[in-house]
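Student: Got a minute to look at a model with me? I'd like to start with the hydrophobic core.
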Amino acid sequence: MNLFSGRPTSFDPAWATHGLPDTGRQQIAGAFQRRGQQVELLLIPGLFGSGPDHWQSHWEQAYGLKRLHQTDWETPSPADWEAALTAAVEASSRPVFLIAHSLGGVLSAKWLSRHGGQKVAGAFLVAPADIDQTAHPEVERIRAFGPLPHIPLPVPTAIMASSNDPWLSLPRARELAGQWQSDFLEAGAVGHIGSSEPLGLWEHGATAMLDFARRKLPFRVQ
């Protein structure tokens with residue numbers, strides 16, 4: 001579909017026949033390397049950061065990705081987190097592609113809604129925390145990051161959501177995808193996608209992200 005039609009798109013595993021015929025680890029690593037030659041792949045963790053068992057940490061180590069650092073992961077300040085992301089984007093010599101999880105997804109969406117798409121090529125938003133509607137007991141810790149944007153985001157984005165995420169329901173994820181004019185991708189029943197569910201390298205997420213980047217970013221990778 002056209003990203004700017006405002007209609008969510010489901011992930012089709014058949015994408016692998018168009019550019020990544022084998023989703024083995026070597027092929028995924030090669031695809032990350034090629035994409036990373038054209039954009040800065042930047043990991044954006046959420047509340048508490050992403051520990052050693054988190055898929056973001058596995059991607060950082062396996063694929064050589066950079067990670068956004070915050071001074072306080074446990075009592076986050078929206079202004080401080082936004083400033084850190086701004087500094088990272090401005091410091092990059094290449095367009096930045098955001099790979100965000102949970103509160104990192106919220107940070108990325110709000111940053112894009114405020115700053116526009118200059119120097120950001122796109123964003124892959126995994127389980128963005130639904131600050132506005134979730135009943136999760138930890139929500140007060142991050143309430144200051146709300147409300148979520150209700151407008152189309154200025155660059156290609158995708159929301160990947162789980163069917164049993166306590167922070168974000170599938171209907172709400174579809175609603176946000178429509179509001180943000182993001183692709184909508186389903187991750188299966190994997191909770192909050194990495195916070196308490198060790199997913200290792202999470203090849204499903206990696207192939208979905210790489211397919212999204214191949215289809216939506218203005219840079220073509222051979």
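Tutor: Sure. This is a predicted model. Of the 39 residues in the largest nonpolar core, Ile44, Leu85, Leu98, Leu103, Ile142 and Trp180 touch the most other members.

Student: Which element supplies the largest share of this core?

Tutor: That is α4, with six residues. Other elements supply at least two residues each, including β1 (40-44), α3 (78-91) and β5 (157-162).

Student: Is there another core apart from it, and of how many residues?

Tutor: Another core lies apart from it, of 31 residues. Phe97, Ala187, Val190 and Ala213 are among them.

Student: Back to Ile142. What is in contact with it, leaving aside neighbours within four places in sequence?

Tutor: Leu47, Pro76, Leu103, Ala129, Ile131 and Trp167.

Student: Where is Ala129, then?

Tutor: Ala129 sits in the loop between β4 (120-126) and α5 (139-142).

Student: Buried or exposed?

Tutor: Ala129 has a relative accessible area of 0%, so it counts as buried. Beyond four places in sequence, Ala129 touches Ser102, Leu103, Val106, Ile142, Leu148 and Trp167. Gly105 is 24 residues away in sequence, yet the C-alpha atoms of Ala129 and Gly105 are 7.3 Å apart.

Student: New topic: β4. Why is it largely enclosed?

Tutor: Because seven of its seven residues are buried.

Student: Which strands are joined to β4 by bridges?

Tutor: β3 and β4 run parallel, with six bridges. His101 stands opposite Val126 there. β4 and β5 also run parallel, with four bridges. Phe124 has Ala158 in β5 as its bridge partner.

Student: What do β3, α4 and β4 make?

Tutor: A right-handed β-α-β unit.

Conventions:
Residues numbered from 1 in each chain as written. Predicted model: local features only at pLDDT ≥ 70, side-chain atom pairs only at ≥ 80, totals over all residues. Heavy atoms only, no water. Buried < 20%, exposed > 50% of the residue type's maximum accessible area, 1.4 Å probe, protein only. Contact = heavy atoms within 4.5 Å. Core = buried A, V, L, I, M, F, W, Y, C linked by side-chain atoms within 4.5 Å. Pairing = 2+ DSSP bridges. Right-handed = clockwise from strand over helix to strand, strands pointing away.
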